[in-house]
Amino acid sequence: MSPQYTTIIFDLGDVLFKWSPETKTSISSRTLRDILSSPTWFDYECGRLSESDCYTKVGEEFILEPEEIARAFQQARDSLQADDELIALIRELKAQTNGELRVFAMSNISLPDYEVLRTKPADWSIFDQVFTSGAAGERKPNLGFFKQVLSATGADPQRTIFVDDRSENVLSARSLGLYGIIFDNPIEVGRALRNLIGDPVARGGSFLKQNAGRLISVTDRTEKHAAIELRENFAQLLILEATDDRTLVDLVEHPRTWNFFQGKGQLTTEQFPFDLDTTSLALTVLRRDKQIASSVIDEMLEYVGPDGIILTYFDHRRPRFDPIVCVNTLSLFYTYGRGSELHRTLQWVQEVLRNRAYLEGTRYYETPECFLFFTSRLLASSGDPELHAALKPLLKERVQERIGAEGDALALAMRIIVTDFVGIRNEVDLRALLPLQQEDGGWEIGWMYKYGSSGIRIGNRGLTTALAVKAVEAMSTPSIPLSQPPSPTLVGSPTLSHKLRPNPAAAAATPTPTIPTGRHRRNSSLRNSLQWLWHGGKSRKAVEV
C-alpha cells in the first residue's frame, strides 16, 4: 500500500535543531528572542541585510553594542544540537516507504547562519533539498515562500505534511492544502507521523504477529487492586474470529462447555463456573460437530430464568442474566437453527435495544458499543429474514445515535464495524480511532468487560488492535464479514422464532445461514480521514466475584 502522504516539509530551528537563548552576555534570553522577531531580523533572514549591517541596526533599535549582539548570537549558534531521535524517525519513515517519501527542510534562516548550521553534526542526507529564506528572499509565514517550495519540489499539497513549531506558519501551510502539524510535543508528533505515513492495517497486523501467543488480557488498577495479567479465553476467541489466525491466540480448549478463565479464577472464586457466554462464543468461532453443539444447546435450555430469559452460568446458584450474554447465546442458537427456542430472550433483547437500556453498559460489559457490536454479530450469524427485520433497522438507528460519542479505541472500533454492517459510512469515528494507534502499531487498550461485583475492568490490546484493524479495513474495502458461521454442512435449515415464524416458501428460500454485510459504496481512500487526525463508551464480560 502506498503512503497516503509522499512529502514532508520540516522546519529546522526548534524542530530538528534545538538551541538555547541563554548566553553569558548582557543580553537576556527575552531580548534575544525579541531581536529574532524584529523587522530588521526578518530582512536579514531574507538576505536584504548583511550580518554586520543587521547587528548595527539591531544595536540602534535595542540600544545594544553590535559586538555584544554578535557574541550573544555566536553563543546561541554554539548551543545548536540536532534532534537525533527525530532524524532517526525520518530515516525510518523513508526506509519504510521504499524511497517513495521525500523530505525537505524549509527554514527562516539567513545564509550566514545556515552555513554555520551545516557544520553541526547531523545526518543531512535525510533531506532531498533544503530551502532557506536567505536564498528564497521570502520567509514564513508568507505564502510566497510556500509556493516557491511547492513549485521547486513539484509536491502535491494534498499529499504533503508540514511540521513547524509556530502556529502561524502551520496555518499558512494548511491554507494552501498541506497537512499541518504544530511541533509542540516530540512524542505526539512522532506518533502522528507514523500514523500518517504508515499503513495502519499493516502496522496493526505486524503488532499482532510480533506478540502472537502473548496477547494477554489485563485488569485496570484500582485503589484496592493492582493491575494483573488475566488468562482468559473470551478475548482470545474474539481475536481469532477477527483475524482468522490461530497462531495469534493462546486458548485452553474444552470439548463442550467453556470457562472464561483458562485456569483457576483470578480475583474471584478459584473454582469458577463454566458460562454460557464463553461457550456460545467458542461454539460459533470454532468448528464443532453439530451433534456436540446441539447437546450443549440442550443443556443451556436447563438454565432459563422465570421470565424466559437465558442465564449466564451453568450454575443454578448464580441466576444472573445479562443482555449481551443473551445476545451471544442467541447467536449460537440461530447459528445452529434453533433460535425459536429462545423467543422470549429475543423479545427482551429487542426491548433492551428499543429502549436504549444498554447505554450505561451492562452488569458484565463496560460500554454500550458492546451491546451494539454483539447484536450485529447475532445478525451476522444467521440469514433469518425475520430476525433481521426485527433487529437490523432498530440497530441502525441506535448505532447512528452513537456516532461521534466519546469512547476508547475498542468502543470506536466496534462502533465503526457496526455502522459498516448496517450500511453507514462512519468517517467521524474513524478520525477519532486512527490517532490512537501507538508507535508499536497496536492500539491503546480498550475496556471490554468487568467483574460483576467489584467492577474491576478487563481489557486486551490484542483484541482492541484486531477490531481496530477490522474497522479500518471496513472503511477501505467493499464489505467486511463480521464472523464466519460453522460449515453449512453441519448446520441445518434455521428454525425461526415463535414470534417470527415465516411462511414455508420463505424458509425454503433460505436453507442455510448467510452473512449479511454492508452494501454501501466506498469511493474515497483513508486519506480524507487521515487529514483530520490531529484536529479534531466501554465492553463488560461475565466474570463475577
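# A walk from the parallel sheet to the cores

Start by selecting strand 1 and strand 4 (residues 102-107): the two run parallel and are joined by 4 bridges. Two strands count as paired if DSSP finds at least two bridges between them. Zoom in on threonine 7, and look across to its bridge partner in strand 4, arginine 102.

Before moving on, keep in mind that this is a predicted model, where local features need pLDDT of at least 70, side-chain atom pairs count only at pLDDT 80 or more, and totals for chains, interfaces and linings use all residues. Residues are numbered from 1 along each chain as its sequence is written, and side-chain values use heavy atoms, with hydrogens and water left out. Helices (H or I, at least four residues) and strands (E, at least two) are DSSP runs, numbered from the N terminus.

**Stop 1: the parallel sheet**

Now widen the selection. Strands 1 and 4 belong to an open sheet of 5 strands in the order 5-4-1-6-7, with parallel pairing. At its edges are strand 5 (129-132) and strand 7 (179-182), each pairing on one side only. From one strand to the next, the twist averages 20°.

Go to strand 4 and strand 5 next, which run parallel with 4 bridges between them. Pick methionine 106 and you'll find phenylalanine 131 as its bridge partner in strand 5. Serine 107 has threonine 132 as its partner there.

Is strand 4 enclosed or open to the outside? It is largely enclosed by the rest of the structure, because 5 of its 6 residues are buried. Buried means under 20% relative accessible area, exposed over 50%, and partly exposed in between (1.4 Å probe, protein chains only).

Add helix 8 (residues 143-153) to the view: this helix lies across strand 1 (7-10), strand 4, strand 5 and strand 6 (160-164), running at about 150° to strand 4. Axes here are lines fitted to C-alpha atoms, for helices over the stretch in contact, and angles run from 0 to 180 degrees between N-to-C directions.

**Stop 2: aspartate 14**

Follow the chain out of strand 1 into the loop leading to strand 2 (17-18), and stop at aspartate 14. This aspartate is partly exposed, with a relative accessible area of 25%. Beyond its neighbours within four places in sequence, aspartate 14 is in contact with Trp19, Asp165 and Phe183; contact means heavy atoms within 4.5 Å. Try a distance label to leucine 80 as well: the two C-alpha atoms are 9.6 Å apart, though these positions lie 66 residues apart along the chain.

**Stop 3: helices 5 and 10**

Select helix 5 (residues 84-96) together with helix 10 (residues 186-197). They pack at an angle of about 5°, with axes 11 Å apart. That makes the two helices roughly parallel, the word used for angles under 35 degrees. Show side chains, and Leu89, Glu92, Leu93 and Gln96 of helix 5 meet Gly190, Leu193, Arg194 and Ile197 of helix 10. The contact has 4 nonpolar, 2 polar and 2 charged residues. Ala, Val, Leu, Ile, Met, Phe, Trp, Tyr, Cys and Pro count as nonpolar, Asp, Glu, Lys and Arg as charged, and the others, Gly among them, as polar.

**Stop 4: the antiparallel sheet**

Next up is an open sheet of 4 strands, ordered 9-8-11-10, with antiparallel pairing. Strand 9 (229-230) and strand 10 (447-450) are at the edges with a single partner strand each, so one side of each has no neighbour in the sheet. Strand 8 (residues 217-219) and strand 11 (residues 457-459) pair over 2 bridges; look for valine 218 opposite glycine 459.

**Stop 5: helix 13**

How many residues of helix 13 (residues 276-285) are buried? The count is 10 of 10. They pack against helix 12 (234-243), helix 14 (290-300), helix 15 (323-335) and helix 17 (368-380).

**Stop 6: the cores**

A nonpolar core is a set of buried Ala, Val, Leu, Ile, Met, Phe, Trp, Tyr and Cys residues joined through side-chain atoms within 4.5 Å. The largest has 93 residues, and among those with the most contacts inside it are Phe234, Tyr365, Met448 and Leu467. Helix 19 (residues 409-421) gives the most to this core, with 9 residues. A second, separate core of 47 residues includes Trp41, Leu86, Tyr114 and Ile181.

Finish on leucine 467, in helix 21 (residues 461-474). This leucine is buried, at 5% relative accessible area. Leaving out residues up to four places away in sequence, leucine 467 touches Ala242, Phe373, Leu410, Ala413, Met414 and Ile417.

Notes:
Angles under 35 degrees count as roughly parallel, over 145 as roughly antiparallel, 65 to 115 as roughly perpendicular and the rest as oblique.
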